[in-house]
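Biologist: Could you pick one part of this model and give me a close look at how it sits among its neighbours?

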Amino acid sequence: MTLFEETHVAWPVELLARLGFHPRDAARLRAVLPSVDKSTVTYLHQRTETEPRSVFWNNPGTYVVWAIHNITITQAIRLTEAGRGVVDVLTILDAVRKHVHPRLSINGVDLAHAWVMERRVPRHRLARYIELGLPPATAAALEADPSSPPSDAALETLAALRRP
């Protein structure tokens, strides 16, 4: 067992429910979330026991995003209150971290926020557009073109051409 495996666990469904997700949604979300540090789980358990529900800004995804990407709580609030679901926000942050800003600097979070605000690009294509380095408005225009939105294969080819 690696150190990572010793210190990380799957998100407890009960904790996700305590953060405010419906129990059914919490179970589905748990299946797609990456593992989380055990100390973060302990911290969130303590917070949900002692704090009123309003502390979680009526958006339980805020703490999930904060815990997974180690950004400030203010940045997590800004991203999760922008209108996309927690899985979309995590998809965007993962892609920005992987392809643009590995440390998720302020510029990386700002870029992620621009993508969160662009709701015309479907979730399954977000990472590909971010990898290609396209601005959100350009990606949205490509998706909106009724004559020929780019195929997944065309995007994969473009991405392969851009890789070093």
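Modeller: Happily; here is a look at α7 and the loop before it. The model is predicted, so local features need pLDDT of at least 70 and side-chain atom pairs 80 or more, while totals for chains, interfaces and linings use all residues. Residues are numbered from 1 along each chain as its sequence is written, and side-chain values use heavy atoms, without hydrogens or water.

Arg84 sits in the loop between α6 (73-80) and α7 (86-99); helices are DSSP runs of H or I, at least four residues, numbered from the N terminus. Its relative accessibility is 10%, so Arg84 counts as buried (under 20% relative accessible area, 1.4 Å probe, protein chains only). The Arg84 side chain makes a polar contact with that of Asp88 at 3.0 Å (N or O atoms within 3.5 Å, one able to donate a hydrogen and the other to accept it; sequence-adjacent residues count only if both atoms are side-chain atoms). It also reaches the backbone oxygen of Glu118 at 2.6 Å.

Now to α7 and its partner. Helix α5 (residues 61-69) packs with α7 at about 20°, their axes 10 Å apart; axes are lines fitted to C-alpha atoms over the stretch in contact, and angles run from 0 to 180 degrees between N-to-C directions. α5 is therefore roughly parallel to α7 (roughly parallel means under 35 degrees). On the α5 side, the contact (heavy atoms within 4.5 Å) is made by Gly61, Val64, Val65, Ile68 and His69; α7 contributes Val86, Val89, Leu90, Leu93, Asp94 and Arg97.

Terms used
Helix = DSSP H or I, 4+ residues; strand = E, 2+ residues; numbered from the N terminus. Buried < 20%, exposed > 50% of the residue type's maximum accessible area, 1.4 Å probe, protein only. Parallel < 35°, antiparallel > 145°, perpendicular 65-115°, else oblique.
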